[in-house]
Amino acid sequence: MQFDLTNIPNQNDKIAMITGASSGLGQAVACSLAQIGCTAVLACRSLEKAEQAKHNMMQALPHAAIDTLSIDLSAMDSVRSAAATFKKQYSRLDILVNNAGIMYPSFTLTSDGFESQLATNSLGHFLLTALLIDAMPDQSSSRITWVSSLAHRTGKIHFKDLHMVSNYSKAAAYSQSKLACLMYTIELDRRLKMAGKKIISNAAHPGAVRSNLSRNMSPWLMTALEYTLLPLITHSTQSGSVPILQASLSLESPGGQYYGPQGFFELKGPSGLAKIAKQALNKAHLIKLWQVSESLTGAHFDL
Ligand SMILES: NC(=O)c1ccc[n+]([C@@H]2O[C@H](COP(=O)([O-])OP(=O)(O)OC[C@H]3O[C@@H](n4cnc5c(N)ncnc54)[C@H](OP(=O)(O)O)[C@@H]3O)[C@@H](O)[C@H]2O)c1
């Protein structure tokens with residue numbers, strides 16, 4: 001059955017945190033969740049942008065419950081302090097959307113010594129999830145949604161040089177980070193089920209959406225694409241957010257699912273189950289990545 005937000009019952013009692021909700025897909029997801037009654041916590045690295053996003057949302061949804069939270073997912077100290085602040089203000093979390101992301105920056109190591117795309121897109125969310133999962137009620141409406149990408153299909157986990165210090169490629173590092181998100185989804189789902197928990201870990205990708213994500217790409221290339229390919233292959237943030245909403249809300253989801261658009265090459269179209277590349281299912285690598293991520297971030301999942 002096709003996912004339809006209008007079939008979702010009112011979520012007035014639900015608290016949702018959406019990372020990277022200051023723009024693009026995160027803002028679209030936050031709007032939809034607020035529209036169906038969730039308290040939407042906009043977890044953003046710039047509080048100024050978060051307040052602006054909240055202001056914009058309140059114009060359209062004057063009765064919505066919207067809050068802001070400061071978090072820099074590339075810095076593990078900031079992730080720890082954001083999780084602590086959240087827990088002081090709220091007694092529970094129902095939906096965590098691990099959405100924030102960057103693409104194709106120049107090579108940078110963060111203050112923790114992590115490659116910046118892996119830190120922001122994957123490791124920061126891994127730690128955030130570990131710190132918040134004990135605030136999630138043990139029920140199937142409790143959701144952790146990881147935002148991956150079609151790029152995961154070209155990804156490889158560079159276990160020997162995870163931070164790509166010796167051979168950095170912007171695209172390979174992005175693909176690695178998005179593959180890691182999908183692998184966390186699958187491994188967390190396995191661990192939750194092993195522990196007899198009902199909380200659901202799902203992933204989603206939006207297909208191709210025009211957003212600020214392309215800010216590190218060459219402006220002239222983007223202008224050329226704007227007049228040629230992009231109108232054909234992209235869809236709106238609203239439409240691209242539907243697989244993320246399906247992962248976060250679908251009542252039929254058994255967990256461990258990956259949702260994405262169903263059109264040509266999964267670039268756009270209605271939301272449904274998406275193709276998972278075989279390297280995301282390698283059991284030994286799933287466990288190894290989990291252990292490496294625990295050791296790098298100090299995260300411990302209390303399941
Ligand atoms: N657009 C696509 O076609 C596409 C395709 C596949 C997957 N995705 C994934 O979708 C997600 C959202 O991307 P988008 O297209 O909506 O791009 P976007 O408009 O650039 O949004 C990215 C969001 O992440 C935030 N962010 C970046 N670094 C952060 C950090 N260190 N700490 C906290 N927040 C941070 C940004 O905050 P600032 O506003 O402060 O920069 C922004 O709110 C990403 O994970 C991306 O990989 C997008």
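Two strands are taken to pair if DSSP finds at least two bridges between them, and helices (H or I, at least four residues) and strands (E, at least two) are DSSP runs numbered from the N terminus. The structure is a predicted model, in which local features need pLDDT of at least 70 and side-chain atom pairs count only at pLDDT 80 or more, whereas totals for chains, interfaces and linings use all residues. Residues are numbered from 1 along each chain as its sequence is written.

On these terms β4 and β5 pair in the parallel sense over 4 bridges, with W146 of β5 as the bridge partner of N98. On β1, β4 has a further parallel partner, joined over 3 bridges, and here I18 is matched with V97 of β4. In a regular strand the side chains alternate between the two faces of the sheet. In β4, I95 and V97 point one way while L96 and N98 point the other way, and all are buried, a residue being buried if 20 or more other C-beta atoms, placed from the backbone, lie within 10 Å of its own, exposed if 12 or fewer, and partly exposed in between.

These pairings belong to an open sheet of 8 strands in the order β3-β2-β1-β4-β5-β6-β7-β8, with mixed pairing. Its edge strands, each pairing on one side only, are β3 (65-70) and β8 (271-273), and neighbouring strands are turned by 20 degrees against each other on average, direction ignored; axes are lines fitted to C-alpha atoms, for helices over the stretch in contact, and angles run from 0 to 180 degrees between N-to-C directions. Strand β7 (residues 258-261) runs antiparallel to β8, to which 3 bridges join it, and Y259 stands opposite L273 in β8.

Helix α5 (residues 170-194) packs on the sheet, where it touches β4, β5, β6 (200-204) and β7, and its direction makes about 160 degrees with that of β6; contact requires C-beta atoms, placed from the backbone, within 7 Å of each other. Helix α4 lies across β1 (15-19), β4 (95-98) and β5 (143-147), running at about 170 degrees to β4.

The loop between β7 and β8 holds F265 and E266. Most residues other than glycine have a negative phi. The phi of F265, however, is near 55 degrees, and that of E266 is about 60 degrees. F265 is exposed, with 12 other C-beta atoms within 10 Å, whereas E266 is partly exposed, with 19.

Of the 31 residues around the ligand, G20, G24, G101, S211 and N212 come nearest, a residue being counted as near if its C-beta atom, placed from the backbone, lies within 6 Å. The elements that give two or more residues to this shell are α1 (24-35) and α4 (116-132), and the largest share, 3 residues, comes from α1. By class the shell has 12 nonpolar, 16 polar and 3 charged residues, where Ala, Val, Leu, Ile, Met, Phe, Trp, Tyr, Cys and Pro count as nonpolar, Asp, Glu, Lys and Arg as charged, and the others, Gly among them, as polar.

Overall, the secondary structure of the chain comes to 10 helices and 8 strands, and 49% of its 303 residues count as buried. In helix α9 (residues 242-249), 8 of the 8 residues are buried. Among contacts between residues at least 6 apart in sequence, 74% join residues at least 24 apart.

Key:
Two residues are in contact if their C-beta atoms, placed from the backbone, lie within 7 Å.
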